[in-house]
Amino acid sequence: MIHRRDFLKTASVAGAALATGCHTLGSGHTASVYELRIYTIHPGKAEALHNRFRNHTLRLFKKHGIESIGYWMPADPADQRLHFLLRYPSRDARETAWKAFMSDPEWKSAQKASEAAGPIVAKAENPFLVETDYSPKVRTGNVSKGGVWEMRTYTSTPERLSHLDARFRDHTIGLFSKYGMGNQGYFHKMADQPEGDRTLLYFLTHKSQEAAKASFAAFGKDPAWKAAREASEKAGGGSLTVAGGVKSVFLVPTDYSPTH
């Protein structure tokens, strides 16, 4: 039986976490908040953007307590979108750090100089993420060992994200490892983000795009995977993702990325 005072204590902790943008795991540990920023680059402006990050932005992020996890460009050169992942202690900490960064005179000067010949970024997206309870520790360093990264995004059918999580937690991650795929981080969007209750986003590493294709082909034929998929869809009452709800992009670390 749950006593009223224990319930009120739990509710108070949960309310404080929501108010500050903190999220607690089952152990009571407060999880980090991640920000995935995706910049669509104006044609011909990629090097100007990379130079700004290389020479100014990363250092200023560090100065203001913004932790850089990784910076990547798509393996397809026609896709000119810089992807980068940042980490903060909380959502409130993010707002404080970002405000300080944006008002820094050095940043203003670097931004102005880099855009002297026109704007660099045509579009910016920045969903906020939290790690799933089954995510491996998010690491920096050359974890891909010269290979490629893959960012995969799944949009679940309504109220079936928990079934998708269970399948990944109990089966998929282990099978990915079995077939040579590196599990580098699994995330949900925060609750206040669009489709926050329906999105699973994760990163894998592969030796190459060809290796990824071979790994997924073997994974798809594995009887354990077929059984796990069938059981999870039976438990969930149908497909766990919407039509067209699985998206993938192969990424290569930039020369200034902490994952390079």
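Where is the place of G141? G141 sits in the loop between β7 (128-131) and β8 (148-156), with helices (H or I, at least four residues) and strands (E, at least two) taken as DSSP runs and numbered from the N terminus.

## What you're looking at

This is a predicted model, where local features need pLDDT of at least 70 and side-chain atom pairs count only at pLDDT 80 or more, while totals for chains, interfaces and linings use all residues. Residues are numbered from 1 along each chain as its sequence is written, and side-chain values use heavy atoms, leaving out hydrogens and water.

The predictor's confidence in each residue, pLDDT, runs from 0 to 100. For the protein chain its mean is 90, with 88% of the residues at 70 or more. Watch out for residues 1-29, though: pLDDT stays under 50 there, and the model has 20 contacts for them beyond four places in sequence. A contact here means heavy atoms within 4.5 Å.

## The chain as a whole

The protein chain has 7 helices and 11 strands. Of its 260 residues, 46% are buried, with buried meaning under 20% relative accessible area, exposed over 50%, and partly exposed in between (1.4 Å probe, protein chains only). Among the contacts with a separation of 6 or more, 78% link residues 24 or more positions apart.

As for surface, the accessible area of the protein chain is about 13500 Å², and carbon and sulfur atoms own 55% of that. The areas come from the Shrake-Rupley method with a 1.4 Å probe, and for residues only the protein chains shown count as cover.

## Strand β5 and its partners

Strand β5 (residues 81-88) is mostly covered, with 7 of its 8 residues buried. Strand β3 (residues 33-41) pairs with β5 in the antiparallel sense over 8 bridges; pairing takes at least two bridges found by DSSP between the two strands. One of the bridge pairs matches T40 with R81 in β5.

Strand β4 (residues 67-74) also runs antiparallel to β5, joined by 5 bridges. There, E67 stands opposite R87 in β5, and a hairpin of 6 residues links β4 to β5.

L86 is a handy residue to click on in β5. L86 counts as buried because its relative accessible area is 0%. Not counting residues up to four places away in sequence, L86 touches V33, Y34, E35, R37, F61, I66, E67, S68, I69, Y71 and W98. Its C-alpha is 9.5 Å from that of F128, which is 42 residues away along the chain.

## Two nonpolar cores

Nonpolar side chains tend to be buried together in soluble globular proteins. A nonpolar core here is a set of buried Ala, Val, Leu, Ile, Met, Phe, Trp, Tyr and Cys residues joined through side-chain atoms within 4.5 Å. The largest one has 21 residues, and F53, F61, I66, Y71, L82, F84 and L86 have the most contacts inside it. The elements giving two or more residues to this core are β3, α2 (46-63), β4, β5 and α3 (91-102). The largest share, 6 residues, comes from α2.

A second, separate core has 17 residues, including Y134, L200, F219 and W225.

## T259 and the G141 loop

T259 is in the segment after β11 (241-253), and T259 counts as buried because its relative accessibility is 0%. The T259 side chain makes polar contacts with the side chains of W72 at 3.5 Å and S257 at 2.7 Å. A polar contact is a pair of N or O atoms within 3.5 Å; within protein, one must be able to donate a hydrogen and the other to accept it, and residues adjacent in sequence count only if both atoms are side-chain atoms. Beyond four places in sequence, T259 is in contact with I69, G70, Y71, W72, R139, T140, G141, N142, W149 and P253.

Back to G141: at 25% relative accessibility, G141 counts as partly exposed. Outside its neighbours within four places in sequence, G141 contacts P258, T259 and H260. G141 and P258 are 117 residues apart in sequence, yet 5.6 Å apart C-alpha to C-alpha.

## Two positive phi values

K145 is also in the loop between β7 and β8. Phi of K145 is near 50°, a positive value in a residue other than glycine. K145 is exposed because its relative accessible area is 69%.

E159 lies in the loop between β8 and α5 (161-178). Phi of E159 is near 65°, again positive in a residue other than glycine. At 77% relative accessibility, E159 counts as exposed.
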